[in-house]
Amino acid sequence: MTSIESDPTAAGATERGSAAEATETDVDEPTTTRVGHRKSYAAGVPAVAVSMQRGLTQMGPLRTARTLLELNQRDGFDCPGCAWPEKPGGRKHAEFCENGAKAVAEEATRRTVTPEFFAAHSVDSLRDRTEYWLSQQGRLTHPMVLREGDTHYRPIDWDDAYALIADELAAQSSPDESVFYTSGRTSNEAAFTYQLLARSLGTNNLPDCSNMCHESSGHALSTTIGIGKGSVSVLDVENADLIVIAGQNPGTNHPRMLSILDAAKRKGAKIVAVNPLPEAGLMRFKDPQRVNGVVGSGTTMADEFLQIRLGGDMALFRGLATLLHRAEKAAPGTVFDTEFLDTYCDGVDEYVATLADTDMDEIVEATGLSLRQIEEFADRWANSERIIVCWAMGLTQHAHAVATIEEVTNTLLLRGMIGKPGAGVCPVRGHSNVQGDRTMGIWEQMDEAFLAAVDAEFGITSPRDHGWDVVDSIRAMRDGKVSMFMSMGGNFVSATPDTDVTRAALNRCRLTVQVSTKLNASHLATGSTALILPTLGRTDRDMRAGRKQKVTVEDSMGSVHLSRGSLTPASDELRSEVGIICELAEKVLGTDHPVDWSAMASDYDVIRDHVEKVVPGFDDFNTRVRQPDGFLLPHPPRDDREFPTDNGKANLTVNPLQWLPTPQGRLILQTMRSHDQYNTTIYGHDDRYRGIKGNRRVILCNGDDLTELGLRDGQSVSIVSEFATDDGVEERRVDGFTVVAYSTPRGNAAAYYPETNPLVPLDHVAVKSNTPVSKGITVRLIAA
């Protein structure tokens with residue numbers, strides 16, 4: 001096979017692919033696992049080299065230069081990767097990271113997936129391909145349909161595709177037989193019109209990728225401070241004196257965050273990394289735009305690395321709060337911010353009472369840390385004036401995730417670290433506009449104020465019953481309650497838990513609809529009939545009614561700004577997400593529907609005018625978003641120390657201490673990304689920072705655990721997950737994995753998703769948030 005680096009179809013002078021090109025792009029598939037030296041730093045010259053190589057391979061030199069110079073710029077387009085915000089004011093000429101460059105290369109590629117490609121490949125043959133191979137084929141160019149009994153997708157006219165959806169909706173006995181899923185890449189304008197379509201049809205079945213990542217954060221923060229978003233800005237992070245990064249790998253998942261952490265370090269900040277794995281980005285950062293990042297040693301990131309056991313984070317923060325309480329008792333008024341607690345908080349006495357009963361021996365056992373490490377952490381906390389805690393999936397995807405994040409917030413509240421410059425909570429959202437989608441109404445449980453505002457603005461009657469989230473949608477499809485599943489972007493089957501169950505659930509639908517830019521595994525998990533509707537990406541020029549349109553996104557810290565694509569689309573058949581939604585709505589609901597779908601499709605300013613009337617904080621939307629850096633949404637706890645909870649106070653919450661003991665002969669597994677991956681998009685088979693090459697089917701284990709289990713480094717194993725139910729123990733199995741001895745806590749292991757998603761039981765979810773538990777799976781290993 002020809003390697004991707006030398007693929008002859010990747011080069012050429014034209015900006016757009018053509019039907020004359022080969023109908024298949026050959027890429028290297030995984031071979032054998034090679035384990036080399038683990039990187040001790042992130043970024044640096046290698047990151048620049050990889051970024052350029054991927055761009056040149058997929059786009060060619062001119063297209064690479066054009067897209068990367070426009071990426072994250074004021075007059076350019078927003079990164080289709082992560083949601084890390086830009087620093088207000090002037091921006092660097094190269095305002096992107098390695099994985100952002102990879103994401104752009106994947107989207108702006110000249111490779112195309114045409115009708116000829118589908119004619120040459122049956123659906124069954126495509127199911128045998130890896131996720132990597134599918135994504136490398138290029139951009140989808142035409143609407144395609146797989147009709148019942150067919151073996152191949154075939155072209156379909158847009159109007160006929162819409163009619164197919166309309167006929168299915170008309171045949172339903174209830175609007176709740178439809179599910180409308182959204183990925184985090186969708187713009188604010190597309191998200192707003194999408195939820196409006198679903199509610200006009202009469203359903204709140206609006207699951208989204210938040211259900212699988214930060215739902216636990218939103219639930220915990222809404223309870224404690226009254227708003228489910230972070231309370232800090234980039235400038236706060238830069239000016240903090242203690243930054244705790246817990247359950248997060250910024251070097252791979254949010255690399256641009258490292259430049260802000262670097263700036264904070266140069267101002268004297270201390271960083272404590274809390275993570276089961278020693279990730280390169282937590283150890284050292286070489287900024288390729290600074291001299292010491294090119295020829296020097298870069299910046300040491302973590303002043304303290306707490307290699308915590310999986311599921312031990314709640315115990316760590318409970319232990320931290322307990323030590324702070326003891327110090328406060330010894331010297332009243334010197335540790336707790338008593339004025340803040342008395343003025344703004346509720347539940348203080350009840351929470352402090354639980355601290356008196358904390359057993360520090362249990363804290364040590366639960367975390368896998370020494371008492372001395374926890375005491376040193378408490379000393380840093382007690383002597384810092386501006387503290388920020390950043391976290392991601394390592395905290396949110398546990399059964400006790402909500403309680404853990406509430407514990408984090410409790411510990412910050414004890415020291416008055418909410419509504420204070422340089423301090424606060426920082427859940428680091430993953431996908432580009434996942435936070436904006438929720439703001440725009442993509443949620444199955446939107447409150448009455450939002451629904452009433454939608455009804456008043458558009459003259460419709462939104463349903464009030466809560467809809468289904470991701471897990472409940474899969475259950476409903478599995479149980480035959482859903483006839484149509486529609487996905488606005490994303491790769492549902494590879495992003496969700498319990499892959500075999502999810503695939504079978506989708507197969508039970510009469511119609512599945514995927515609005516996509518590229519081919520992925522979800523196009524091969526079909527209902528009786530399946531549609532693929534190709535859409536524009538962030539990099540593409542969006543022309544409607546003769547005018548170039550702009551969309552908006554909300555970053556991880558609540559700033560809203562414009563995004564403008566400029567590249568010629570891969571095909572004249574591509575339509576924007578907004579266009580697809582509005583055209584479909586007119587077909588389904590008719591031209592006499594009270595919503596003027598045509599006006600919104602023709603001019604996205606019209607959508608923003610409606611958003612202004614419905615969503616708080618978007619006053620004068622069209623004017624303010626055209627400011628150089630857009631605008632910041634209000635956040636009452638941050639802005640005024642006002643807490644929009646039921647009692648008007650910040651609430652310290654009391655939860656029983658929870659953690660994850662490792663059963664005898666078993667391991668606790670976390671799923672994770674490789675460095676050559678973003679969410680379900682696989683860029684290659686290597687994990688450069690962890691020193692693993694050639695294969696993704698690996699499981700990282702502590703060497704002493706391997707000895708105890710009678711296994712050896714490099715051995716081939718099957719992984720079997722065990723999930724206790726009322727009827728016994730359910731088991732799930734994946735085969736063909738290679739054991740790699742690695743620095744993990746005893747009793748813990750790690751492996752990449754989506755390859756290990758089949759091990760995550762659908763019913764293994766976080767309490768209150770219903771988020772799949774992908775970081776706390778009990779497994780045993782069986783030698784091949």
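**Close-up views of a predicted model**

**Figure 1. The largest pocket.** About 1200 Å³ of space lies in the largest pocket. The model shown here and in every view below is predicted. The lining of this pocket is made of 41 residues. Nearest the centre of the pocket are S222, I227, G228, W443 and D447. Three helices each supply at least two lining residues: α9 (215-224), α22 (434-439) and α23 (448-458). Which of them gives the most? The answer is α9, with 5 residues. Sorted by class, the lining of the largest pocket holds 15 nonpolar, 17 polar and 9 charged residues.

**Figure 2. The second largest cavity.** Rolling a probe the size of a water molecule over the atoms shows where empty space is left. How many cavities of 30 Å³ or more does a search of the whole structure find? It finds 6. This view picks out the second largest cavity, which holds about 230 Å³ of space. Its lining has 19 residues. Look for L536, G537, R538, D542 and V551, which lie nearest the centre of this cavity. The lining divides into 5 nonpolar, 7 polar and 7 charged residues.

**Figure 3. The whole protein, for orientation.** Step back before the next close-ups. The protein has 32 helices and 33 strands. Its radius of gyration is 25 Å, close to the 28 Å that the globule rule gives for 784 residues, so the protein is as compact as a globular protein of that length. The C-alpha trace spans about 75 × 60 × 60 Å along its principal axes.

**Figure 4. An open sheet of 6 strands.** Follow the strands across the sheet in the order β6-β5-β18-β17-β16-β7. Their pairing is mixed. Which strands form the edges? They are β6 (154-155) and β7 (178-182), and each pairs on one side only. Helix α8 (residues 188-201) packs on this sheet. There, α8 touches β7 and β16 (484-488). The direction of α8 makes about 170° with that of β7.

**Figure 5. Strands β17 and β18, with helix α27.** Zoom in on two strands of the 6-stranded sheet. Strand β17 covers residues 511-516, and strand β18 covers residues 529-534. Do they pair in the parallel or the antiparallel sense? The pairing is parallel, over 6 bridges. One residue to find is Q514, whose bridge partner in β18 is I532. Helix α27 (residues 577-589) lies across β16, β17 and β18. This helix runs at about 150° to β16.

**Figure 6. An open sheet of 3 strands.** Here the order is β21-β22-β23, and the pairing is antiparallel. The edge strands are β21 (551-554) and β23 (631-632). Each of these edge strands pairs on one side only. How many bridges join β21 and strand β22 (residues 559-563)? There are 4, in the antiparallel sense. E554 stands opposite V560 in β22. Helix α8 appears again in this view: α8 lies across β21 and β22. At what angle does α8 run to β21? The angle is about 90°. V551, one of the residues nearest the centre of the second largest cavity, falls within the range of β21.

**Figure 7. Two backbone details in loops.** Most residues other than glycine have a negative phi, and most peptide bonds are trans. Each residue in this view departs from one of those habits. Start with the bond that joins Y753 and P754. This peptide bond is cis, with omega about 10°. Where is P754? P754 is in the loop between β32 (748-752) and β33 (777-783). Now turn to D498. D498 is not a glycine, yet its phi is positive, at about 50°. The place to find D498 is the loop between α25 (492-495) and α26 (499-507).

Conventions
Residues numbered from 1 in each chain as written. Predicted model: local features only at pLDDT ≥ 70, side-chain atom pairs only at ≥ 80, totals over all residues. Heavy atoms only, no water. Pairing = 2+ DSSP bridges. Contact = heavy atoms within 4.5 Å. Axes fitted to C-alpha atoms, helices over the stretch in contact; angles between N-to-C directions. 1 Å grid on protein atoms, 1.4 Å probe; cavity = no way out; pocket = protein on both sides within 12 Å on 5 of 7 lines; lining within 4 Å. Points joined across faces, edges and corners; volume = space filled by probe spheres on them. Nonpolar A, V, L, I, M, F, W, Y, C, P; charged D, E, K, R; others polar. Rg over C-alpha atoms; globule rule 2.2 N^0.38 Å.
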